[in-house]
Amino acid sequence: MKHTTNRERSRVAHERAKRVTPGGVNSAARAFGAVGGHPIVIAHAEGPWLTDIDGNRYIDYIGSWGPMILGHQPPSVKRAIQAALEHGTSYGAPTEAETRLAELIIEAVPSVEMVRLVSSGTEATLSTIRLARGVTGRDKIVKFAGNYHGHVDSLLVSAGSAAATLSVPNSPGVTTGTSQDTLVREYNDVAGLEATFAQHPSSIAAVILEPVCGNMGCVTPTPEFLQSLRRLTSQYGALLVFDEVMCGFRVAFGGAQSLFQADPDLTVMGKIVGGGLPLAAFGGKRWIMEHVLPAGKVFQAGTLSGNPLATAAGIATLEALRDQPPYELLERQSARLAEGLASSAQRHGLPFQLNRVGSMMTLFFTDQPVTGWETAKRCNTQRFAQFFWGLMDRGVYWPCSQFEALFVSSQHDDQLIDLTLEAADEALAELG
Ligand code: KE4
């Protein structure tokens with residue numbers, strides 16, 4: 001595998017960026033904090049490829065942290081954005097495209113009857129938490145360690161993703177007053193959840209989780225856990241919120257809830273639904289959503305909500321996923337990648353776990369099954385960092401943290417999977 005090690009222009013660009021932007025990045029998740037070195041600065045992306053400003057090409061397994069399920073610059077999405085651009089970029093007034101996208105989301109996601117569009121996953125989850133509290137008149141929220149729901153104050157408690165990666169699961173600036181209403185439990189811990197509801201029988205507004213977790217690395221819920229979530233929230237009058245920002249439209253067109261035949265009250269969506277542009281959404285049962293202002297009294301608003309370019313990208317993406325579903329191809333390619341990684345790690349005598357749901361997966365460097373944060377946090381993150389750079393030097397761009405998922409796109413063909421496995425085998429051999 002060709003070695004890519006000259007990244008001088010990226011290094012200089014990052015030094016310049018650090019003078020004007022905290023850490024030289026506009027999202028902490030990109031800072032390479034867990035793997036050392038400096039981020040690579042991107043010049044171009046097309047299909048499954050990223051090209052950095054030093055001219056190095058990488059097979060991309062981040063896909064912008066999930067949105068690029070069709071690869072970069074899918075022609076139909078690009079055309080839709082260009083066509084929308086002819087009519088302007090933002091009006092601050094309703095458009096038919098917003099209704100069209102809402103109708104597509106309702107068609108795709110089984111439990112969703114009504115939708116509000118926003119500009120980021122964080123905005124979608126904070127609006128959903130406010131709605132749950134407004135509808136139930138209750139204060140407490142249950143979340144799970146290692147789950148990340150964006151940088152919402154009340155949910156930045158034992159959070160995953162960059163919060164876990166950079167060891168600030170409880171960020172400075174989140175007040176005691178805010179976090180006191182957030183109850184944190186271990187993912188997949190049914191007894192813990194039962195005890196929580198028994199302790200707080202009438203003050204829990206909602207339980208929020210990633211129904212397929214990506215933000216402590218990929219972790220799947222047990223059937224018992226999923227059933228207990230619905231049983232307990234219904235029994236105690238709390239709302240069940242699926243944060244499908246990452247797994248929505250990813251693990252299936254209808255997201256994790258369609259895969260698991262689950263029936264949440266509210267669903268948070270993002271990433272894929274915006275086709276790579278800033279758009280997210282929250283939706284759910286009509287009787288709940290009709291509490292959102294101006295239909296109801298729970299405040300929610302946003303200058304760029306339902307932005308014409310972003311709705312065009314979202315519509316084109318969801319129509320592509322609906323009309324030419326890539327999920328069988330994604331399953332085939334992802335299974336090949338996972339099997340290849342596992343046999344390489346085995347051959348090199350490395351303790352590992354590989355968790356996968358469809359085209360999102362994580363290779364954990366640990367000898368015990370990863371079922372929640374208590375097990376995820378025991379991974380060998382130094383070994384992960386070495387593996388990351390071994391791949392990077394061989395032209396494969398992996399998530400820059402053990403506590404993230406990687407994503408396969410419809411553009412990752414057999415040849416690219418083979419090239420990836422060749423690079424991974426060499427990188428794993430170096431870890432022994
Ligand atoms: P954004 O505000 O980043 O659009 O969405 C927040 C969010 C909410 N819920 C889930 C399940 C998520 O995964 C995310 C964002 N995911 C991270 C990556 N793990 C985004 C990367 C970043 O923060 O730059």
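This dialogue looks at a ligand site and a strand in a predicted model.

Me: Which residues are closest to the ligand, and how many surround it?

Reply: A residue is counted here if one of its heavy atoms lies within 4 Å of the ligand. In this model 17 residues surround the ligand, and the closest are Ser-27, Thr-122, Asn-215, Asp-243 and Glu-404. By class, this shell has five nonpolar, eight polar and four charged residues, and at least three residues come from each of domain 1 (8-61 + 327-429) and domain 2 (75-323).

Me: Which polar side-chain atom lies 2.8 Å from a nitrogen atom of the ligand?

Reply: A polar contact is a pair of N or O atoms within 3.5 Å. The side chain of Glu-404 supplies the polar atom that lies 2.8 Å from a ligand nitrogen, while a polar side-chain atom of Lys-271 is 3.0 Å from a nitrogen atom of the ligand. From the backbone, a polar atom of Gly-121 is 2.9 Å from an oxygen atom of the ligand. The protein covers 88% of the 540 Å² of accessible area that the ligand has on its own.

Me: Are the residues on the two faces of strand E12 buried or exposed?

Reply: A residue is called buried when its relative accessible area is under 20%. In E12 (residues 360-364), five of the five residues are buried, with Met-360, Thr-362 and Phe-364 on one side and Met-361 and Leu-363 on the other.

Me: Which strands does E12 pair with?

Reply: Strands count as paired when at least two bridges are found between them. E12 pairs with E11 (residues 353-357) in the antiparallel sense over five bridges, and Val-357 stands opposite Met-360. Two bridges also join E12 to the antiparallel strand E14 (residues 406-407), where Leu-406 stands opposite Met-361.

Conventions. Residues numbered from 1 in each chain as written. Predicted model: local features only at pLDDT ≥ 70, side-chain atom pairs only at ≥ 80, totals over all residues. Heavy atoms only, no water. Polar contact = N/O pair within 3.5 Å; in protein donor to acceptor, adjacent residues only side chain to side chain. Areas by Shrake-Rupley, 256 points an atom, 1.4 Å probe, with all protein chains shown as cover. Nonpolar A, V, L, I, M, F, W, Y, C, P; charged D, E, K, R; others polar. Domains from an automatic or database assignment. Buried < 20%, exposed > 50% of the residue type's maximum accessible area, 1.4 Å probe, protein only. Helix = DSSP H or I, 4+ residues; strand = E, 2+ residues; numbered from the N terminus.
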